[in-house]
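Grab a coffee and open the viewer. Here are a few exercises to work through, each with a solution laid out step by step.

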Amino acid sequence: MGYEKSDATPTKSGMKVERTSDRELVVTRTFDAPARILFAAWTTPELFMRWWAPRSSGVPILSCEMDVRTGGGYRVEFGRDPAAAMAFYGKYLEVIPNARLVWTNEEGADGAVTTVTFGETGDKTLLVLRELYPSKEALDESFIGMEGGMPEQFEQLDALLATLGADAVGA
């Protein structure tokens, strides 16, 4: 699979994916937006719902609840039928506004701990997403559907960021 590479060759969008160990995946990508706007897109339910689910999957986000604070929780439900929705949920372990988010993925025993950092330089922000899994097998399993999905998610995020002005995120 494409994510098995360890040379972290960037994709055409500039996204780099590196498997740094048997249990950790690191994704880096620069976005044309200040950290505060990018952070808002990751932590405001109304904005998050506009970019997180890859449109090509045909599986929309039905609901998104976020209590973005250390110790707070989140729950995102996907599906076409609310009665049969898939849920992703967990807790925020660390929240540093405009700089860092760390959360658990508790929908299964093999859930990762995800860390996202936002490093601003000028009008651009380097986003680094790290996922640490409990086992090699759990990381291997996570690749199913991820290879095409994450680049599409980030393209959707680019489109959203292009539409957001400073007033849209309370700047």
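**Exercise 1. Find which residue stands opposite V102 in β7, and work outwards to the strands around β6.**

Solution. Keep in mind that you're looking at a predicted model.
- Start at V102: its partner across in β7 is T115.
- Now zoom out to the strands. β6 (residues 100-104) and β7 (residues 113-121) pair in the antiparallel sense, with five bridges.
- Look at the other neighbour. β5 and β6 are antiparallel too, joined by four bridges.
- For a landmark on that side, take I96, which faces R100 in β6.
- Then check the link: β5 and β6 make a hairpin with three residues between them. N98 sits in that turn and has a positive phi of about 65°.
- Finally, ask how covered β6 is. Four of its five residues are buried, so call this strand mostly covered.

**Exercise 2. Decide whether L93 is buried, partly exposed or exposed, then describe its surroundings.**

Solution.
- Place it first: L93 belongs to strand β5 (residues 86-96).
- Its relative accessible area is 44%. The partly exposed class runs between the 20% and 50% cut-offs, so L93 counts as partly exposed.
- List its contacts, skipping residues up to four places away in sequence: T70, V102, W103, T104 and V113.
- Try a distance as well. G73 is 20 residues from L93 along the chain, and their C-alpha atoms are 9.1 Å apart.
- Last, look at the surface. L93 teams up with V113 and L132 in a nonpolar patch of about 220 Å².

**Exercise 3. Work out why helix α1 can be called largely enclosed.**

Solution.
- Mark the helix out: α1 covers residues 35-43.
- Tick off its buried residues: A35, I37, L38, F39, A40, A41, W42 and T43.
- That makes eight of the nine, so the rest of the structure largely encloses α1.
- Next, go to the largest nonpolar core, which has 41 residues. The members touching the most others are W42, F118, L127, F154, L157 and L161.
- α1 is the top contributor to this core, giving seven residues.
- Follow one of those well-connected members. Not counting residues up to four places away in sequence, the contacts of F118 include A35, L38, F39 and W42. Its list also has N98, A99, R100 and L101, plus T125, L126 and L127.

**Exercise 4. Say whether P45 is buried or exposed, and which residues it contacts.**

Solution.
- P45 is part of helix α2 (residues 45-48).
- Its relative accessibility is 17%. Buried means under 20%, so P45 counts as buried.
- Outside its neighbours within four places in sequence, P45 is in contact with C64 and M66.
- For a distance, pick D67: it is 22 residues away along the chain, with 9.6 Å between the two C-alpha atoms.

**Exercise 5. Sum up the protein: how many helices and strands are there, and in what order do they run?**

Solution.
- The count is four helices and eight strands.
- Reading from the N terminus, the order is β-β-α-α-β-β-β-β-β-β-α-α.
- Of its 171 residues, 43% are buried.
- Take the contacts with a separation of 6 or more: 45% of them come from residues 24 or more positions apart.
- To finish, the protein exposes about 8700 Å², and carbon and sulfur atoms supply 52% of that.

Conventions: Residues numbered from 1 in each chain as written. Predicted model: local features only at pLDDT ≥ 70, side-chain atom pairs only at ≥ 80, totals over all residues. Heavy atoms only, no water. Buried < 20%, exposed > 50% of the residue type's maximum accessible area, 1.4 Å probe, protein only. Helix = DSSP H or I, 4+ residues; strand = E, 2+ residues; numbered from the N terminus. Contact = heavy atoms within 4.5 Å. Areas by Shrake-Rupley, 256 points an atom, 1.4 Å probe, with all protein chains shown as cover. Patch = residues over 30% accessible without salt bridge, like charges linked within 9 Å, V, L, I, M, F, W, Y side chains within 5 Å. Salt bridge = Lys/Arg side-chain N within 4 Å of Asp/Glu carboxyl O. Core = buried A, V, L, I, M, F, W, Y, C linked by side-chain atoms within 4.5 Å. Pairing = 2+ DSSP bridges.
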